[in-house]
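Student: Please choose one part of this predicted model and give a close account of its make-up, from the overall fold down to individual residues. I would like the answer to be connected rather than a list.

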Amino acid sequence: MYAKQPYEQIYGSWEPASPVAARTAAVCKQALRQAVAENGQAVIAIPGGRSITRVLEALRDDPEVPWEHIHIFWVDERWVPLEHPDSNFGAAWQPVLQPLVAAGRMHQDQVHPFRYRSDLPDGGVGLYQSEFRQYAADSAERFDLVLLGVGEDGHCASLFPRHPALAETGYGFIAVDNSPKPPPQRMSASRTMIAAARCAVLLFFGEGKRTALERFGDDEVPIEACPCKIALQAVHTVVVTDLG
Ligand SMILES: O=C(O)[C@H](O)[C@@H](O)[C@H](O)[C@H](O)COP(=O)(O)O
């Protein structure tokens, strides 16, 4: 059984350098620094969507983030080429990761996109798992920090309410078919992989996420109906929201 701990909630209107942005950056830095102190590196997993960009931009602009020791993986990705406009990689690469690489704050080898392989039955998910193992070996093969944008329906990563992918309890990256959010084919970290994270940060920004936030905080709602509750099993869970 997982030792469930209360989660920290960071509340406020998000503006660059606002208190909520500063506290969120501080939480992320603490998780990353702790991993670097213990393992010499930190493994962070990020999703797609709009919410994540503001957090990544805050971390990009923070001189105290140890980017030189961070390996970045994707907690979920759409089965599209890296240069496709729907790519979760592209959404983070252009505004955040490319500038960090260009500034010499991290090396391109530290960025680990999921590469969709149309020639492989699993789309390349197995290869991604192998790549992750190689870099996460020193940190018990788990995410030191996972950032999760939450959808209106309570999904996180590509784990959607009452979707068969939620029943895949093996540890690792999985293929997801028939995603209700387009595109239909994706890869995602499994629920056990997200649950094992040392620190999980959930983002609920905007009125459209109010129901999801309420359901997240409702003990009566099961994970199957609100998958972002998986993050409650992480060692440290943090909710960031502008919803009062
Ligand atoms: O590929 C994706 O679509 C994402 O990884 C997805 O899980 C996203 O993070 C949430 O839907 C939140 O999206 P927003 O931040 O845009 O609300």
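Tutor: In what follows, helices and strands are DSSP runs, with a helix (H or I) having at least four residues and a strand (E) at least two, and they are numbered from the N terminus. The part I choose is residues 19–232, for which an unreviewed UniProt entry lists "domain: Glucosamine/galactosamine-6-phosphate isomerase". This span is 33% helix and 15% strand, and its end C-alpha atoms lie 24 Å apart. Because the model is predicted, its confidence deserves a word before the details. The chain has a mean pLDDT of 95, with 98% of its residues at 70 or more. The model scores are 0.98 for ipTM and 0.96 for pTM.

To place this part in its setting, let us begin with an open sheet of six strands. Their order is S1-S9-S8-S5-S2-S3, and the pairing is parallel. Strand S1, residues 8–11, and strand S3, residues 70–74, form the edges, each pairing on one side only. On average, neighbouring strands in this sheet are turned by 20° against each other, direction ignored. One of the pairings joins strand S5 (residues 145–149) to strand S8 (residues 199–204) in the parallel sense, over four bridges. Within that pairing, Leu148 has Leu202 of S8 as its bridge partner.

The ligand comes next. A shell of 15 residues surrounds the ligand, and those that come nearest are Pro47, Gly48, Gly49, Ser51 and Gly149. By character, this shell comprises seven polar, four nonpolar and four charged residues.

There is also an open sheet of three strands, in the order S4-S7-S6 and with antiparallel pairing. Its edges are strand S4, residues 76–78, and strand S6, residues 173–176, each of which pairs on one side only. Here too, neighbouring strands are turned by 20° against each other on average, direction ignored. S6 pairs with strand S7 (residues 186–189) over four bridges in the antiparallel sense, and the bridge partner of Ala175 in S7 is Met187. Helix H4, residues 125–136, lies across S6 and S7 and runs at about 160° to S6.

Two backbone features in the loops complete the picture. Most residues other than glycine have a negative phi, and most peptide bonds are trans. Against that background, Ala157 stands out, since this residue is not a glycine yet has a positive phi of about 50°. Ala157 lies in the loop between S5 and S6. The second feature is a cis peptide bond between Pro182 and Pro183, with omega at about -5°. Pro183 belongs to the loop between S6 and S7, the two strands that pair in the antiparallel sense and that H4 lies across.

Notes
Residues numbered from 1 in each chain as written. Predicted model: local features only at pLDDT ≥ 70, side-chain atom pairs only at ≥ 80, totals over all residues. Pairing = 2+ DSSP bridges. Axes fitted to C-alpha atoms, helices over the stretch in contact; angles between N-to-C directions. Near = placed C-beta within 6 Å. Nonpolar A, V, L, I, M, F, W, Y, C, P; charged D, E, K, R; others polar. Contact = placed C-beta atoms within 7 Å. UniProt positions renumbered as here; feature names shortened; annotations may be inferred. pLDDT = per-residue confidence, 0-100.
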